[in-house]
Amino acid sequence: MKKKIGMIIFFDWESDGESEHVGIVEKVENGIVYTIEGNSGDSCRINQYFIGNYQILGYSVPQY
C-alpha cells in the first residue's frame, strides 16, 4: 500500500499486536513517513519514522 497524505498511521508501542497510538501522515519522502501526532510528549508535534519501523502497526484510509 502506498503511503499517502492524510492516512491514519497506527503504532504498537508494546509489541503486542494492538494499537496504542495513532497519527496522521503529513508526507512521505525518501523512505521516511512524517506524522502529526497529539499526546506526543504532552504536545501536538510532527514526528518522523523510517517506513519499516517495527512500531508501525499499519495504515488506514479514512472515508472523508
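**Notebook: a five-strand chain**

I looked up isoleucine 36 before anything else. Its relative accessibility is 35%, so I noted isoleucine 36 as partly exposed. The scale I use calls a residue buried under 20% relative accessible area, exposed over 50%, and partly exposed in between, with a 1.4 Å probe and protein chains only. Isoleucine 36 sits in strand E3, residues 32-37.

Before going on, I wrote down the ground rules. The model is predicted, so I kept in mind that local features need pLDDT of at least 70 and side-chain atom pairs count only at pLDDT 80 or more, while totals for chains, interfaces and linings use all residues. Residues are numbered from 1 along each chain as its sequence is written, and side-chain values use heavy atoms, with hydrogens and water left out.

**The surface patch**

I asked which residues join Ile36 in a nonpolar patch on the surface. They are Ile24 and Ile46. Together the three have about 240 Å² of accessible area. Such areas come from the Shrake-Rupley method with a 1.4 Å probe, and for residues only the protein chains shown count as cover. A patch takes residues with over 30% relative accessible area and no salt bridge; nonpolar side chains (Val, Leu, Ile, Met, Phe, Trp, Tyr) are joined within 5 Å, like charges within 9 Å.

**The whole chain**

I then stepped back to the chain. It has five strands and zero helices. Strands (E, at least two residues) and helices (H or I, at least four) are DSSP runs, numbered from the N terminus. The order from the N terminus is β-β-β-β-β. The radius of gyration is 11 Å, close to the 11 Å of the globule rule for 64 residues, so the chain is as compact as a globular protein of that length. That radius is taken over C-alpha atoms, and the rule is 2.2 Å times the number of residues to the power 0.38. The C-alpha atoms fill a box of roughly 25 × 25 × 25 Å along the principal axes.

I checked burial next. Of the 64 residues, 31% are buried. The chain exposes about 4400 Å², and carbon and sulfur atoms supply 52% of that. I also looked at contacts, meaning heavy atoms within 4.5 Å. Among those between residues at least 6 apart in sequence, 34% join residues at least 24 apart.

**The core**

Which residues make up the largest nonpolar core? I found eight: Met7, Ile9, Phe11, Val25, Val33, Tyr49, Ile56 and Tyr59. Strand E1 (8-11) and strand E5 (56-60) are the elements that give two or more residues to this core. A core here is a set of buried Ala, Val, Leu, Ile, Met, Phe, Trp, Tyr and Cys residues joined through side-chain atoms within 4.5 Å.

I followed isoleucine 9, in strand E1. It is buried, with a relative accessible area of 0%. Leaving out residues up to four places away in sequence, isoleucine 9 touches His21, Val22, Gly23, Ile24, Val25, Val33, Thr35, Ile56, Gly58 and Tyr59. I noticed Ile24 in that list, and Ile24 is also in the surface patch.

Valine 33 came next. With the sequence cut of four places, I read among its contacts Ile9, Val25, Lys27, Tyr49, Ile56 and Tyr59.

**The salt bridge**

How many salt bridges are there? I counted one. Lysine 27 pairs with glutamate 29, and the closest N and O atoms are 3.8 Å apart. The rule asks for a side-chain nitrogen of Lys or Arg within 4 Å of a carboxyl oxygen of Asp or Glu. Lysine 27 is partly exposed at 31%, and glutamate 29 is partly exposed at 39%.

I also found lysine 4 in the segment before E1. Its relative accessible area is 51%, so lysine 4 is exposed. From lysine 4 to lysine 27 is 23 residues in sequence and 6.9 Å in space, C-alpha to C-alpha.

**Loops**

Buried or exposed: which is glutamine 55? It is buried, at 18%. I placed glutamine 55 in the loop between strand E4 (45-50) and E5. Beyond four places in sequence, it touches Phe10, Phe11, Asp12 and Trp13.

Last, I looked at positive phi values. Serine 15 has phi near 50 degrees, positive in a residue other than glycine. Serine 15 lies in the loop between E1 and strand E2 (21-29) and is exposed at 53%. Asparagine 30 also has phi near 50 degrees. The loop between E2 and E3 holds asparagine 30, which is exposed at 78%.
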